Amino acid sequence: MHRLCVKKATSRHILLIDRGNSVSFATCNEAPVNIDIRKAGPATILDLVGPLKLGEAEESLRNEIQRLLDSGTTHVAVNLSGVTALDSSGIGALVRSFTTLKRAGGKCTFFAPSKQVLMLLKMVRLDTILDLAEDEATALARI
C-alpha cells in the first residue's frame, strides 16, 4: 500500500492505494498542524495544535526543528496537548525531532500529551525512548 498527500486546486486528496492502473482517493478534511513558538529561559517551546499526520503537518515540524537548529537553538520542548491525531508519519516526525536535536548536542522534551497520544506512544514503546513529561514545568526543568 502506498500513501501520499496530493494537492489538487483548492481541495486536498489522499492517495490511499496505488496498484498499477488502480488508484483510490479520499478527501483530506483536516487542516495541518499549527506550530506556535515561544521562549522560556534557555528553551524554545513549540505548541502543536491539530493533527500531526502524513504530509504538510510532519513536514512543517521537521522544517521548524531545522530552522531552530540553523538559528542556534538546541533546547526544545514540544507541547503535545493540542495534537488531535497522530499517525505513523507524525510519530516519525517526533522521533526525528528528538534524534536531530540530540545529535546536535541539544535536548528535546515532549510534554502534556493527550491520553490518546500517550497511549499510542506507549503502544509503540516510544515512551521509554522519547523524553516525555506530564507538564510544561517538568519539561523545562529537564532542559
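**Exercise 1. Locate Asn34 and describe its surroundings.**

Step 1. Asn34 is part of strand 4; helices (H or I, at least four residues) and strands (E, at least two) are DSSP runs, numbered from the N terminus. This is a predicted model, in which local features need pLDDT of at least 70, side-chain atom pairs count only at pLDDT 80 or more, and totals for chains, interfaces and linings use all residues. Residues are numbered from 1 along each chain as its sequence is written, and side-chain values use heavy atoms, with hydrogens and water left out.

Step 2. Now check the accessibility. Asn34 has 49% relative accessibility and so counts as partly exposed. Buried means under 20% relative accessible area, exposed over 50%, and partly exposed in between (1.4 Å probe, protein chains only).

Step 3. Look for neighbours. Leaving out residues up to four places away in sequence, Asn34 touches Asp47, Leu48 and Val49, where contact means heavy atoms within 4.5 Å. From Asn34 to Gly50 the C-alpha distance is 6.3 Å, although 16 residues separate them in sequence.

**Exercise 2. Work out how strand 6 is paired, and whether strand 6 is largely enclosed or not.**

Step 1. Strand 6 spans residues 75–86, and because nine of its twelve residues are buried, the rest of the structure largely encloses it.

Step 2. Take the partners in turn; two strands pair if DSSP finds at least two bridges between them. Strand 5 (residues 43–52) runs parallel to strand 6, and eight bridges join them. Within this pair, Thr44 stands opposite Val76. The chain gets from strand 5 to strand 6 through helix 1 (residues 56–70), in a right-handed β-α-β crossover. Right-handed means that, with the strands pointing away from the viewer, the path from the first strand over the helix to the second runs clockwise.

Step 3. Strand 7 (residues 107–111) also pairs with strand 6 in the parallel sense, over five bridges. Here Asn79 has Phe111 of strand 7 as its bridge partner. The chain passes from strand 6 through helix 2 (residues 88–103) to strand 7, and this β-α-β crossover is right-handed.

**Exercise 3. Find which side of helix 1 is buried and what covers it.**

Step 1. List the buried residues of helix 1: Ala57, Glu58, Leu61, Glu64, Ile65, Leu68 and Leu69.

Step 2. They lie on the same side of helix 1, because they cover an arc of only 135 degrees around the axis. The arc is that of the directions from the helix axis to the C-beta atoms. An α-helix has 3.6 residues a turn, so residues three or four places apart point the same way.

Step 3. The cover over these buried residues includes strand 4 (34–40), strand 5, strand 6 and helix 2.

Step 4. Just past the end, Gly72 follows helix 1 with a positive phi near 95 degrees.

**Exercise 4. Pick out two loop residues other than glycine with positive phi.**

Step 1. Recall the background: most residues other than glycine have a negative phi.

Step 2. Ala112 has a positive phi near 55 degrees. Ala112 sits in the loop between strand 7 and helix 3.

Step 3. Arg125 has a positive phi near 65 degrees. Arg125 belongs to the loop between helix 3 and strand 8 (131–133), and at 64% relative accessibility Arg125 counts as exposed.
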